Amino acid sequence: MGIFILGQGYVGSYYAQSLERSQFIGGTSRRKQDLKIHFDLNQKDTWKNLIPYLSNSESVLWTFPAAKHESDIDLSLEFFQTYLKNHFTLLLGSTSRYNPLFPDAWVNEDTSLYLNQPRVLAEEKLKDAGACLLALAGITGPGRDPILWLKQRKIPYAFKYFNPVSLPLILKAISSLMHLKPNGESYCLCDGSPKTWKDTADDYYSLGRLEQEFVFPYYTTTFDSKRVNSAKILKILNP
């Protein structure tokens, strides 16, 4: 029995490539013109397109946000209960779900959540129904180099913490959880070395990859700046 991937964006596409042909059952796309299986959570008539593939799947990797609007929350749960409840389902989330008690606080799976966010509410309902959640920090890998975000002036706050997580570590974590199948659990994942964006920029200075004239718009942190503690899943990955 293989693995079916809901959504093939950045992580989903690389995970599909990492699987053996016999493991990869298929993947979905919202765009009809793609050569993948057409599926849109908000279009219930597309759900039935998954039936032939899910019958040959033991596990499902759900890669897109479980909800963007409040109206999506019940829809996500209905889809899960109808099609996925008999499959191990690994849901990819974001460590932005964790609400630090104060700026730059350490957060982990026990930290309070931003329960005013539809995505987080949907994730919690899916967890209660048996799905497993892997919350990812700042994804780095091919085409996702932090130096580009700095050069493109996408990072305004010098002393906000950056929690990188590399693509190889993400793929390793997904594979491990697919093997263990811990229903209803949640894990947060980063490389274990959070740095402020100022320290990250200084590293690039020392390598000669960032011009000395580079400045941040604001030399401050933010109320939601956090440092991610991945000890729970790292015990699995590095026993």
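Begin by selecting the strands of this predicted model: seven of them form an open sheet, ordered β3-β2-β1-β4-β5-β7-β11, with parallel pairing. Next, colour β3 (37-38) and β11 (186-189), which stand at the edges. Each has a single partner strand, so one side of each is left without a neighbour in the sheet.

Now select β1 (residues 2-6) together with β4 (residues 57-62); these strands run parallel and are joined by five bridges. Within this pair, Gly 2 is found opposite Ser 57 of β4.

Proceed to helix α1 (residues 10-18), which packs on the sheet and touches β1, β2 (24-29), β4, β5 (88-94) and β7 (132-136). The direction of α1 makes about 160° with that of β1. Then display helix α4 (residues 118-128), which lies across β4, β5, β7 and β11 and runs at about 155° to β5.

The next stop is the interior. The largest nonpolar core has 36 residues, and Tyr 15, Leu 90, Leu 134, Ile 174 and Leu 189 have the most contacts inside it. At least two residues of this core are supplied by each of β1, α1, β5, β7, α6 (167-180), β11 and α8 (231-237). Helix α6 provides the largest share, eight residues.

Select Leu 189 and show its surroundings. Leaving aside residues up to four places away in sequence, Leu 189 touches Leu 134, Ala 135, Leu 136, Ala 137, Val 165, Leu 169, Ile 170, Ala 173, Ser 230, Ile 233 and Leu 237.

Finally, turn to another core, which lies apart from the largest one and has 23 residues; Leu 54, Ala 67, Ala 122 and Ala 131 are among them.

Conventions: Residues numbered from 1 in each chain as written. Predicted model: local features only at pLDDT ≥ 70, side-chain atom pairs only at ≥ 80, totals over all residues. Heavy atoms only, no water. Pairing = 2+ DSSP bridges. Helix = DSSP H or I, 4+ residues; strand = E, 2+ residues; numbered from the N terminus. Contact = heavy atoms within 4.5 Å. Axes fitted to C-alpha atoms, helices over the stretch in contact; angles between N-to-C directions. Core = buried A, V, L, I, M, F, W, Y, C linked by side-chain atoms within 4.5 Å. Buried < 20%, exposed > 50% of the residue type's maximum accessible area, 1.4 Å probe, protein only.
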